[in-house]
Amino acid sequence: MVVYFVPWDADQNLILEAERLYDKAGTFSSIEKGDLVAVKLHVGEFGNPNYVQPFFVHHVVQKIREVGGKPFLTDSNTLYCAQRYNAYDHMQTALMNGFNIAPFIVADGLKSENSRMVKTRGILSEIQVSGAIVEADAMVVISHCKGHDLSGFGGAIKNLAMGCTPHAGKLVQHRTIDLEIDHTKCNGCKTCKNVCPNNLPEIIKGKAHITSEACMRCPICRSECPTKAINFVNQENICKALASAALGVLETFQPDKVSYINFAKDITQHCDCLPSPGAPIINDIGIFAANSPASIDAAFLKKINYQQLFNKPSNVDCMTQITEAINIGIPGEANPEIQTI
Ligand code: SF4
Ligand code: SF4
């Protein structure tokens with residue numbers, strides 16, 4: 001499976017470059033007249049400038065309309081409580097960040113209540129998929145490539161897995177990670193309780209305990225614990241869960257009705273979900289287009305030293321999500337051919 005690529009070249013008109021890329025990759029070739037086409041994107045977190053710029057998305061919307069499709073922008077509400085937690089705040093954030101270029105439909109509804117349970121394979125046997133994703137006839141997945149504190153890397157697979165599932169589906173994926181507290185290191189300082197968005201840690205006899213099913217295995221308490229007493233166990237499980245969930249999402253589409261565009265620009269070590277992800281860690285690379293989420297993510301990783309940039313800080317091998325995706329039946333290659341056009 002070939003992945004097509006244009007380098008980020010400030011001396012070129014990047015919309016025209018993107019147009020050549022999509023034509024070569026056949027990005028819109030499976031869209032039929034009248035198809036309701038989900039343009040799956042991340043509209044940017046409040047205060048975080050690192051998202052795919054609206055004019056690129058506008059161009060994609062125009063191309064879908066040219067072939068007779070009916071594009072709508074979409075994303076699912078976040079598991080963490082910030083500016084995209086419910087549809088109202090999510091839509092406000094989308095407008096503020098410039099996404100008024102097509103209808104924006106929050107895929108899982110006002111309070112993340114709109115979803116369907118779908119069978120999948122791998123570490124998960126089923127996953128809840130956001131309703132508007134299930135109902136869409138076709139999908140163009142636009143992803144921003146960046147590092148991720150839990151899964152090492154976020155691209156197309158993560159965009160399918162976390163981005164197309166409601167709160168409950170995201171929680172299931174996060175909770176494939178186990179958490180343990182080393183009580184020989186814990187001094188009962190309560191920092192973990194104070195920083196937890198849901199105030200979940202309990203301090204019993206001077207030691208922290210985290211037993212709530214609502215714990216979303218976010219990295220906050222682990223990062224803030226002054227004695228490094230909190231550890232994640234089996235962290236690679238979330239990479240496998242991303243693959244399982246992505247497969248579940250794809251099972252709701254006819255074969256070949258989903259295409260992918262990855263933007264490798266403003267690449268940070270931390271995820272786009274943080275309001276302040278830090279400075280880019282490498283130069284902008286370019287735009288990729290393909291019809292496989294595994295291949296397009298692998299193509300990006302081939303262009304960088306991901307072991308050093310992503311695996312080392314996250315303490316997980318980000319290639320796991322790609323190899324697992326291929327293992328459980330998502331078409332693609334871990335070492336794809338990249339054609340620069
Ligand atoms: S922050 Fe760390 S040391 Fe403090 S109570 Fe929590 S686990 Fe214990
Ligand atoms: S991982 Fe820690 S901070 Fe995150 S929800 Fe669980 S207890 Fe709270």
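A residue counts as near a molecule if its C-beta atom, placed from the backbone, lies within 6 Å of that molecule. In this predicted model, 14 residues surround ligand 1. The closest are Cys 186, Cys 189, Thr 191, Cys 192 and Cys 225. By type, the shell around ligand 1 divides into 9 nonpolar residues, 4 polar residues and 1 charged residue.

The protein chain holds 12 helices and 16 strands. Its radius of gyration is 20 Å, close to the 20 Å that the globule rule gives for 341 residues, so the chain is as compact as a globular protein of that length. The C-alpha trace spans about 65 × 40 × 40 Å along its principal axes. Of the 341 residues, 49% are buried. Contacts with a separation of 6 or more were also examined. Residues 24 or more positions apart account for 76% of them.

An open sheet is formed by 8 strands. Their order is 4-3-2-7-14-15-1-16, and the pairing is mixed. Strand 4 (104-106) and strand 16 (338-340) stand at the edges. Each has a single partner strand, so one side of each is left without a neighbour in the sheet. On average, neighbouring strands of this sheet are turned by 25° against each other, direction ignored.

Within the sheet, strand 2 (residues 36-40) and strand 7 (residues 138-144) run parallel. They are joined by 4 bridges. Ala 38 has Met 139 as its bridge partner in strand 7. Helix 1 (residues 14-25) packs on the sheet. This helix touches strand 1 (3-7) and strand 15 (286-290). The direction of helix 1 makes about 170° with that of strand 1.

Definitions and conventions:
Residues numbered from 1 in each chain as written. Chains lettered and ligands numbered in written order. Predicted model: local features only at pLDDT ≥ 70, side-chain atom pairs only at ≥ 80, totals over all residues. Helix = DSSP H or I, 4+ residues; strand = E, 2+ residues; numbered from the N terminus. Rg over C-alpha atoms; globule rule 2.2 N^0.38 Å. Buried ≥ 20, exposed ≤ 12 C-beta atoms within 10 Å, placed from the backbone. Contact = placed C-beta atoms within 7 Å. Nonpolar A, V, L, I, M, F, W, Y, C, P; charged D, E, K, R; others polar. Pairing = 2+ DSSP bridges. Axes fitted to C-alpha atoms, helices over the stretch in contact; angles between N-to-C directions.
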